[in-house]
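User: I am new to this structure and would like a close look at a single part of it, with enough of the surroundings explained that I can place that part in the whole. Please take your time over it.

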Amino acid sequence: MIDPFANDHQSMQIGELVIENQTDKIIIYGDIDLTLDATGYEQAQQLHELTSKIIQAFENNGEYNNQHKSKEKDDQLDKNIDNPFL
């Protein structure tokens, strides 16, 4: 289990769902089939534990309004790009 927002090197996988930890964001991609069996139950428990830890990290921080987000870590830097459709 990752420690949400604590570092830039942890990752985990639940089914085909990949969760990557960073200090300013959590990246989640892929997919998961929660089947009505023991495996699905285990995966649902992992998802529940993960989301609970993420919510707790938000509540403990209290500054989740992006004030400290640096432009270097932003996916969209302030660059003007010509619109190819005009």
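Analyst: Two residues are in contact here when heavy atoms of theirs lie within 4.5 Å. With that in mind, and remembering that this is a predicted model, we can look closely at the segment before β1, beginning with one of its residues, Asn7. Leaving aside neighbours within four places in sequence, Asn7 is in contact with Asn21, Gln22 and Thr23. Asn7 counts as buried, because its relative accessibility is 13% and the limit for that word is under 20%. The side chain of Asn7 also has a polar atom that lies 3.3 Å from the backbone nitrogen of His9.

To see where these contacts of Asn7 lead, it helps to have the overall plan. The protein has 1 helix and 3 strands, which follow one another along the sequence in the pattern β-β-β-α. The strands make an open sheet in the order β1-β2-β3, with antiparallel pairing. In this sheet β1 and β3 are the edge strands, each of them pairing on one side only, and neighbouring strands are turned by 15° against each other on average when direction is ignored. As a general point, the strands of a sheet pair through backbone hydrogen bonds, either parallel or antiparallel.

One of the contacts of Asn7 is Asn21, and strand β2 covers residues 16-21. The bridge partner of Asn21 in β3 is Ile26, while Glu16 has Asp31 as its bridge partner in β3. Altogether 6 bridges join β2 to β3, which spans residues 26-31, and these two strands run antiparallel. The hairpin that joins β2 to β3 does so through 4 residues.

On the other side of β2 comes β1, the strand that follows our segment. β1 and β2 run antiparallel and are joined by 4 bridges, with Ser11 standing opposite Glu20 in β2. These two strands form a hairpin with 1 residue between them, and in the turn Gly15 has a positive phi of about 60°. In a regular strand the side chains alternate between the two faces of the sheet. In β1, Met12 and Ile14 belong to the covered face, whereas Ser11 and Gln13 belong to the uncovered one. Helix α1 lies across β1, β2 and β3, and its direction makes an angle of about 145° with β1.

The helix brings us back to the segment before β1, where Phe5 also lies. The structure holds 1 aromatic pair, and the pair is formed by Phe5 and Phe58, arranged edge-to-face with 5.3 Å centre to centre and 70° between the planes. The name edge-to-face applies because planes over 60 degrees apart are classed in that way. This pair links distant parts of the chain, since Phe5 is in the segment before β1 and Phe58 is in helix α1, 53 residues apart. Both rings belong to residues in the middle class of exposure: Phe5 is partly exposed, with a relative accessible area of 23%, and Phe58 is partly exposed as well, at 34%. Phe5 has one further feature to note, a positive phi of about 65° although it is not a glycine. Most residues other than glycine have a negative phi.

Another residue of helix α1, Ala57, touches Pro4 and Phe5 when residues up to four places away in sequence are not counted. Its C-alpha atom is separated by 9.2 Å from that of Ala6, although the two are 51 residues apart along the chain.

Taken together, the segment before β1 has contacts in two directions: Asn7 is in contact with Asn21, Gln22 and Thr23, while Phe5 pairs with Phe58. For the protein as a whole, 17% of the 86 residues count as buried. Among contacts between residues at least 6 apart in sequence, 29% join residues at least 24 apart. The accessible surface comes to about 7,000 Å², of which 48% belongs to carbon and sulfur atoms.

How values were computed. Residues numbered from 1 in each chain as written. Predicted model: local features only at pLDDT ≥ 70, side-chain atom pairs only at ≥ 80, totals over all residues. Heavy atoms only, no water. Phe/Tyr/Trp six-rings, centres within 6.5 Å; stacked < 30°, edge-to-face > 60°. Buried < 20%, exposed > 50% of the residue type's maximum accessible area, 1.4 Å probe, protein only. Polar contact = N/O pair within 3.5 Å; in protein donor to acceptor, adjacent residues only side chain to side chain. Areas by Shrake-Rupley, 256 points an atom, 1.4 Å probe, with all protein chains shown as cover. Pairing = 2+ DSSP bridges. Axes fitted to C-alpha atoms, helices over the stretch in contact; angles between N-to-C directions.
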